[in-house]
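Biologist: I have a model open on my screen and would like to learn how to read it. Could you walk me through it, feature by feature?

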Amino acid sequence: MKVFTSKLCTTLHTPEFEFHGGAQSQHYECPERREAILKYLESHSDSFEVTEHVEDFGYEPIKRVHKQGFLNYLETAYDEWILEGGHPNGVMPSTIPHYRLARLGGQTPTNSLTNAGEYCFDMSAVITKDTFKAAWNAAQVTLTATKDLVRVADQYEKGLAAGTTVSREAPPGLYALVRPPGHHAQSDLCGGYCFLNNVGIAAQWLIDRPELRQKDGQPKKVAIIDIDFHHGNGTQELFYKTSNPLYASLHGRDAYPHFTGAATERGEGEGLGFSINVPLPRSTSDDEYVEALEKLIQEHIIPYDADYIIISLGVDTFKDDPIAGFLVTSEAYPRIGNAIRKIGLPTLFVQEGGYCVEKLGLNVGGILQGFLGKVAA
Ligand code: Q9C
Ligand code: ZN
């Protein structure tokens, strides 16, 4: 499996701290996460081929899902913050305009602190000096992988048509090892360690490609499966009113981001039925998780008849995750990968969460190996 990544995913975005339960803590979305995953992949070179080749797709694909004012904010926030005397750790909102705050004078943001309230929904997406560059880089790495997905999918189709070389049982897969993650980032809101929605940008890019139009002129169909422990409020918001891509998420019930991801959120208008939310209790075991995923695949993913699958790959479902987690053990991850393999479609895995650095390589690697059919399921 080809792995797309960049050293910049380690170096550019390194906030010192965040807050948990009101207390200052280490920043769990740390650069060591990428190093741990990379170490696993490099020690399994029979399965993985890592490339640092990154193409620049420019601003256009990012602007397809994010608003200009928000992008300007991400790009300039840190410098303004420092000029205005903010802490060098990075930009964090303090007053967020709650929907019941009586803004009777209609005041709008005027400086970096009020902008942070406008464009950030919590205190975990700390903007440092190079955070915009880091998020930009993560998006470009993801797009580079997405472009390659088109190529391998094409080969796969040709192979299937020719009848011999490939089979539906071994679909092609690619992995974008990026940080910062993306699935909490909405069109004009950062939060939950996320700034630009890598998966959303990739999905929209696939849908936008004119050369990928089918014979009937319709765009290719993309199904996003979000297996991060947390609900991907960002990805859901981007696509809530459209039938393409489909967004489906398994996530912890009554967990961060707390106010989104109810089973009753099903999409709106043309998008009705194309957002699927499956909240699960924290007590969810390996068997229960794999069963829920297989049910989701049978009931929603297979009938959708997508051309491409994009996985928001979080392993913060792990039982020993320091900030999240079901009762899921490392044994489950190859089974999860295998369930995704059985969909039989070209698949792009994009890294989201997972904070137990010690087991991160094993757990992410388990999913990818399971997808490759290399680990007994
Ligand atoms: N007590 C991802 O896994 N934690 N994001 C806030 C408040 C933020 C998780 C803590 C967790 C974000 C991509
Ligand atoms: Zn998460």
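Modeller: Happy to. Let's begin with a yardstick: a residue is called buried when its relative accessible area is under 20%, exposed when it is over 50%, and partly exposed in between. By that yardstick R103, with a relative accessible area of 37%, is partly exposed. Please keep in mind that this is a predicted model.

Biologist: Which residue does R103 form a salt bridge with?

Modeller: The general idea is to look for a side-chain nitrogen of Lys or Arg within 4 Å of a carboxyl oxygen of Asp or Glu. R103 forms a salt bridge with E118, and their closest N and O atoms are 3.9 Å apart. This pair connects distant parts of the chain: E118 belongs to helix α5, R103 sits in the loop between α4 and α5, and 15 residues separate them. E118 is partly exposed as well, because its relative accessible area is 32%.

Biologist: How many salt bridges are there by this rule?

Modeller: The count comes to 18 salt bridges. One of them joins R335 and D287, at 3.0 Å from N to O. Here helix α10 (residues 332-341) supplies R335 and helix α9 (residues 286-304) supplies D287, and the two are 48 residues apart. R335 counts as partly exposed because its relative accessible area is 27%, and D287 because its value is 45%. There is also a network of salt bridges that links K2, D148 and R151.

Biologist: And the salt bridge between E52 and R34: is R34 buried or exposed?

Modeller: R34 is at 2% relative accessibility, so it counts as buried. Its partner E52, at 43%, is partly exposed. The closest N and O atoms of this pair are 3.2 Å apart. R34 is one of the buried residues of helix α2 (residues 32-42), which also include R33, A36, I37, L38, Y40 and L41. Those buried residues pack against β1 (2-4), α1 (8-11), β4 (49-51), β5, β10 and α11.

Biologist: What about a charged residue without a salt bridge? How far is D122 from the nearest side chain of opposite charge?

Modeller: D122 is buried yet has no salt bridge, and the nearest side chain of opposite charge, R282, is 14 Å away. In such a case, look for polar contacts. The side chain of D122 makes one with the side chain of Y256, at 2.4 Å. A polar atom of the D122 side chain also lies 3.2 Å from the backbone nitrogen of G192. As for its place in the chain, D122 is in the loop between α5 (112-119) and α6 (131-162). Beyond its neighbours within four places in sequence, D122 is in contact with P93, I96, G191, G192 and Y256.

Biologist: Next, the metal. Which residues coordinate the zinc ion (ligand 2)?

Modeller: To read a metal site, list the donor atoms and then see how they are spaced along the chain. The zinc ion (ligand 2) is coordinated by D228 (OD), D228 (OD), H230 (ND1) and D316 (OD), at 1.9 to 2.7 Å. The donors follow the spacing D-x1-H-x85-D. D228 counts as buried because its relative accessibility is 1%, and H230 because its relative accessible area is 7%.

Biologist: How should I think about the greasy interior?

Modeller: In soluble globular proteins, nonpolar side chains tend to be buried together. In this model the largest nonpolar core has 52 residues, and L74, L206 and I310 have the most contacts inside it. α6 gives the most to this core, with 11 residues.

Biologist: How many residues of α7 are buried?

Modeller: In α7, 10 of the 11 residues are buried, so the helix is mostly covered. Among them are W205, L206 and I207. What covers them includes α3 (60-63), α6, β6, α8 (233-238), β9 and β10.

Biologist: To finish, α11: which side chain does Q369 make a polar contact with?

Modeller: The side chain of Q369 makes a polar contact with the side chain of S47, at 3.1 Å. Q369 lies in helix α11 (residues 357-372) and counts as buried because its relative accessible area is 6%. G370 also lies in helix α11, and at 0% relative accessibility G370 is buried too. Not counting residues up to four places away in sequence, G370 touches P334, G337, N338 and R341.

Key:
Residues numbered from 1 in each chain as written. Chains lettered and ligands numbered in written order. Predicted model: local features only at pLDDT ≥ 70, side-chain atom pairs only at ≥ 80, totals over all residues. Heavy atoms only, no water. Helix = DSSP H or I, 4+ residues; strand = E, 2+ residues; numbered from the N terminus. Buried < 20%, exposed > 50% of the residue type's maximum accessible area, 1.4 Å probe, protein only. Lys, Arg positive; Asp, Glu negative; His and termini not counted. Polar contact = N/O pair within 3.5 Å; in protein donor to acceptor, adjacent residues only side chain to side chain. Contact = heavy atoms within 4.5 Å. Donors = N, O, S within 2.8 Å, 3.2 Å for Na, K, Ca; no water. Core = buried A, V, L, I, M, F, W, Y, C linked by side-chain atoms within 4.5 Å.
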